[in-house]
Amino acid sequence: MWDTLDTSKLNSLDWAATVIARSKGIPLYVSCTYPDRETPRAVLDFVLSHMARIQDLEVYLNTSIRTKIQEIIDVPNTLCALQSLTMIRSDSIDNGDNGGIDRFLAEVQLPHLQTLDVRFFVLPPTTSMFPQLRHLHYVSPMYSNPSTTVSQMLLFLRNTPSLERLEIEGSFETSDDGGEECTTVELPKLSVLSYSTVRSEHACLFRFLHYPPSSRVKFVSRTHPTDPAACATELASVFTRVASSDMAASMEAVSLAGMYRNYFEMRVSDRDGPMLEVFLPLRGDVLPLFRLSIMLPCSAAHTLHITGFSSVQVAYWASFFNRHERIRNLTAAGVDSNFFRALLKPSENEPPPFTCLGHLLLRHCDINENAAVIERILEEHSTLEGDVDVTLEIWDCRVAVGIISQLKSYAKVEWDGGESFESDPFGEDEDEDEDDEDDEDDSDEDGWMSD
């Protein structure tokens, strides 16, 4: 009750002194905003004069005035016990004044700091060492001149040898003089890396970070690449990190989605959650650059989700399936005939893909058009040795009642009872789908999985 102080609720010096007295010398958790109409400066100064007891400090700086962090926090090096520090500007636009954070982080010694959250400040070119830092969350200003560069981010990370969790939001410019500074940074204890950026080209940061294969990585871009080839090269290191045999063996689920022909999403998960996540807008002509059929390793995954993707060649689907041969649960939404054909036996003497398949869920598919192929897929699985019986679920698909009866000869069928799409996965009507299919026929012949 007395160890957590929000200075905006301490409207008098007497009440602040009472709260401090009742806290009986235990560690304090303090949140303060400056300037704040509700908080007299004397109250703020009094609370922060107990810095030797403050373990967790949050500072919200109003950028409408040019206040320095040093004017608010006076940290004697010998008394600083901070374990968590948050510094946030009240808006995301840098007005040219960096709030003194460059001097503060360079000069103040924080030997016990474990969590650092910095938002809407430009990172300083030099900082002190953070030997115990475990968690860093950094959000760059939306509009800033100068802005944080890749070299500055790397220089900062070079002083965090014990970092376990890294969360970055924003973008980094390439510095003119940062060629020598942009060298590899080793983060041997990193377990979580999350990077959300405005431009996909800023994925170049990954090229300079070395972290364990077991780290959980997420990359999100809000715009499509202006240089698709360069983007594919940068992200190749993110995809291929799962080539570790230990990682591949622990995979339980793989999910790929290509929506509206201009959005790409990939998830690879184990029993503890996502291991690798990538989300970015892509134009149709970019898809061939992401050669997932050879980037992702063979895995022991049991679940596979495929959404979208048109005009992918049968051979490339087959190559991708071969890398995940232990799939037991397969979900396919909005796929075309090439996808179904790749599920057939490659030859009379070879088994079909996914010999362990026990559950097939189809959504937003034209089963009327692919009825013969789907029936043959189920027939081939029904003749496999073993006790695996396929359950087929059909939801929101174009399918006639007579076809359902035929499929029931080879599998247990669960059907929603509709004879046409109840809703379209791409938010378009039937005529627009047909137009899109015509356009896709004119797209790159090699498909997005080509070698």
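A residue counts as buried here when its relative accessible area is under 20%. With that cut-off in hand, a good place to start in this predicted model is strand β4, residues 84–89. Six of its six residues are buried, so the strand is largely enclosed by the rest of the structure. In a regular strand, side chains alternate between the two faces of the sheet. In β4, Ser 84, Thr 86 and Ile 88 point one way, while Leu 85, Met 87 and Arg 89 point the other, and both sets are buried.

As for the neighbours of β4, strand β3 (residues 54–61) pairs with β4 in the parallel sense through six bridges, and Leu 61 has Arg 89 as its bridge partner. Strand β5 (residues 115–119) also runs parallel to β4, joined to it by five bridges; here Thr 86 sits opposite Asp 117.

A second run of parallel pairing turns up further along the chain. Strand β17 (residues 359–363) is linked to β16 (residues 329–333) by five parallel bridges, and to β18 (residues 391–395) by five bridges, again in parallel. Leu 362 of β17 ties the picture together: Ala 332 is bridged to Leu 362, and Leu 362 in turn stands opposite Ile 394 of β18.

Then there are the aromatics. The model holds ten aromatic pairs, and one cluster is made up of Trp 317, Phe 321, Phe 339, Phe 340 and Phe 354. Helix α9 (residues 314–322) buries Tyr 316, Trp 317, Phe 320 and Phe 321. These four cover an arc of only 140° around the axis, which puts them on the same side of α9. Ala 315 and Asn 322 are exposed on the face turned away from that buried side.

Phe 354, another member of the cluster, lies in the loop between α10 (337–341) and β17. Its phi is positive, about 60°, although Phe 354 is not a glycine. With a relative accessible area of 2%, Phe 354 is buried.

Lys 24 makes a handy counterpart. Its phi is positive too, near 60°, in a residue other than glycine, but Lys 24 is exposed, with a relative accessible area of 72%. Lys 24 belongs to the loop between α1 (13–22) and β2. One more backbone detail comes after β2 (28–34), in the loop that leads to α2 (41–48), where Pro 35 is found: the peptide bond from Tyr 34 to Pro 35 is cis, with omega near -10°.

Terms used
Residues are numbered from 1 along each chain as its sequence is written. This is a predicted model: local features need pLDDT of at least 70, side-chain atom pairs count only at pLDDT 80 or more; totals for chains, interfaces and linings use all residues. Side-chain values use heavy atoms; hydrogens and water are left out. Rings of Phe, Tyr and Trp (its six-membered ring) pair if their centres lie within 6.5 Å; planes under 30 degrees apart count as stacked, over 60 as edge-to-face and the rest as tilted. Two strands pair if DSSP finds at least two bridges between them. Helices (H or I, at least four residues) and strands (E, at least two) are DSSP runs, numbered from the N terminus. Buried means under 20% relative accessible area, exposed over 50%, partly exposed in between (1.4 Å probe, protein chains only). The arc is that of the directions from the helix axis to the C-beta atoms.
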